[in-house]
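Work through these exercises with the structure open beside you. Try each task before reading its solution.

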Amino acid sequence: MQKEVVDSMAMKRALTRITYEIIEQNKGIRNVVLVGIKTRGVYIAQRIAERLAQLEAATIPVGELDITAFRDDQPEMADQAPTDYQLTFDVAGKKVILVDDVLFTGRTIRAALDALMGGGRPQSISLAVLVDRGHRELPIRADFIGKNIPTARQERIKVSVTEVDGHDGIEIIN
C-alpha cells in the first residue's frame, strides 16, 4: 500500500526552505559547494543550486558522489564502483553541503563522508536531506531537513523526482 505524504508543491516548498536555511546558516553562499549523493540526492542538490543562484545571483559548484564502494552494509557492491576521488572540484577549505533524499540509518552518510575525504579537508561539512525518517544506527543528524516523516521501521519512503520518475512526490510504502 502506498500513501502520498508530500506532493510536488510541498516538495518545492521544502526545498526552498532548505535553500533559505543554507543561506542563513552560512551567511551567504561564499565558499559553499553542494555534493549530491547519487542518485536522487544529485537532482535535489541541483535544484537547491538553481534556487541559490536565483536568490544570491551566484552559481555554486554541484558535485555527484557515488558511495557504493564505501558502504559497510553492502560489501558485495564494493567491487563494482570506483574508489578514487570522484568530484570535479576540490573540497579543501570549502563549506561542503552533502545532499541526499532520505536520511534513515545514517550508513549512507557515513559512506559519503569516507568518499568525500579524498578531496582534501573541507572547512565544514553539513547535511541537507529532503526527508528524515528516523531509525538512526549511527550518531548522524541533518543540518537542513525538508520534512520529518516518522515511519515504522518496516515501512519505506519513496522519493520521486521528475528527472528520474516523471513527477515529484514522497510516498510511504507499507
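**Exercise 1. Work out how well strand β2 is covered, and on which sides.**

Solution. Keep in mind that this is a predicted model.

Step 1. Count the buried residues of β2: six of its six residues are buried, so the strand is mostly covered.

Step 2. Recall a rule about strands. In a regular strand the side chains alternate between the two faces of the sheet.

Step 3. Sort the residues by side. Val32, Leu34 and Gly36 lie on one side of β2. Val33, Val35 and Ile37 lie on the other. Both faces are covered, as the residues on each are all buried.

**Exercise 2. Find the strands that pair with β2, then follow the pairing on to β5.**

Solution.

Step 1. Start with β4. Five bridges join β2 to β4, and the two run parallel. Within this pair, Val33 stands opposite Val96 in β4.

Step 2. Turn to β3. β2 and β3 are also parallel, with four bridges. Here Gly36 stands opposite Glu64 in β3.

Step 3. Move on from β4. It pairs with β5 in the parallel sense, over eight bridges. Leu98 stands opposite Leu127 in β5.

Step 4. Check the cover of β5. Seven of its nine residues are buried, so β5 is mostly covered.

**Exercise 3. Show that the buried residues of helix α3 line one face, and say what covers them.**

Solution.

Step 1. List the buried residues. In α3, residues 107–116, they are Ile109, Ala111, Ala112, Ala115 and Leu116.

Step 2. Look down the axis of α3. The buried residues fall within an arc of 160°, so they line one face of the helix.

Step 3. Recall a rule about helices. An α-helix has 3.6 residues a turn, so residues three or four places apart point the same way.

Step 4. Name the cover. It includes β2, β3 (62–65), β4 (95–103) and β5 (124–132).

**Exercise 4. Describe the largest pocket and the second largest pocket.**

Solution.

Step 1. Take the largest pocket. Its volume is about 450 Å³. It is lined by 21 residues, and the closest to its centre are Asp100, Asp101, Val102, Phe104 and Thr108.

Step 2. Ask what supplies this lining. β4, α3 and β7 (156–160) each give at least two residues.

Step 3. Sort the lining by type. Eight residues are nonpolar, four polar and nine charged.

Step 4. Take the second largest pocket. It holds about 250 Å³ of space. Its lining includes Ser8, Met11, Arg47, Gln54 and Asp168.

Step 5. Trace this lining to its helices. α1 (8–26) and α2 (40–56) each supply at least two residues. α1 gives the most, with six.

Step 6. Sort by type again. This lining has three nonpolar, four polar and five charged residues.

**Exercise 5. Decide whether Val159 and Glu155 are buried or exposed, and find what each touches.**

Solution.

Step 1. Place Val159. It lies in strand β7.

Step 2. Apply the cut-off. Val159 has a relative accessible area of 4%, under the 20% limit, so it is buried.

Step 3. Look for its contacts beyond four places in sequence. Among them are Met11, Asp101, Val102, Leu130 and Ile170.

Step 4. Place Glu155. It lies in the loop between β6 (144–148) and β7.

Step 5. Apply the cut-off again. At 18%, Glu155 is also under 20%, so it counts as buried.

Step 6. Find its contacts, leaving aside neighbours within four places in sequence. Glu155 is in contact with Arg133, Ile172, Ile173 and Asn174.

Step 7. Compare sequence with space. Glu155 and Met1 are 154 residues apart in sequence, and 10.0 Å apart in space, C-alpha to C-alpha.

**Exercise 6. Inspect the backbone in three loops.**

Solution.

Step 1. Go to the loop between β2 and α2, where Thr39 is found. A cis peptide bond joins Lys38 and Thr39, with omega about 10°.

Step 2. Go to the loop between α2 and β3, which holds Ala57. Its phi is near 55°, a positive value in a residue other than glycine. Ala57 counts as exposed, at 72% relative accessibility.

Step 3. Go to the loop between β5 and β6, the place of His135. Phi of His135 is near 70°, again positive in a residue other than glycine. His135 is partly exposed, with a relative accessible area of 27%.

Note on methods
Residues are numbered from 1 along each chain as its sequence is written. This is a predicted model: local features need pLDDT of at least 70, side-chain atom pairs count only at pLDDT 80 or more; totals for chains, interfaces and linings use all residues. Side-chain values use heavy atoms; hydrogens and water are left out. Buried means under 20% relative accessible area, exposed over 50%, partly exposed in between (1.4 Å probe, protein chains only). The arc is that of the directions from the helix axis to the C-beta atoms. Contact means heavy atoms within 4.5 Å. On a 1 Å grid over the protein atoms alone, a cavity is a set of points where a 1.4 Å probe fits but cannot get out, and a pocket is an open set with protein on both sides within 12 Å along at least five of seven lines; lining residues have an atom within 4 Å of a point. Grid points are joined across faces, edges and corners, and a volume is the space filled by probe spheres set on the points. Ala, Val, Leu, Ile, Met, Phe, Trp, Tyr, Cys and Pro count as nonpolar, Asp, Glu, Lys and Arg as charged, and the others, Gly among them, as polar. Two strands pair if DSSP finds at least two bridges between them.
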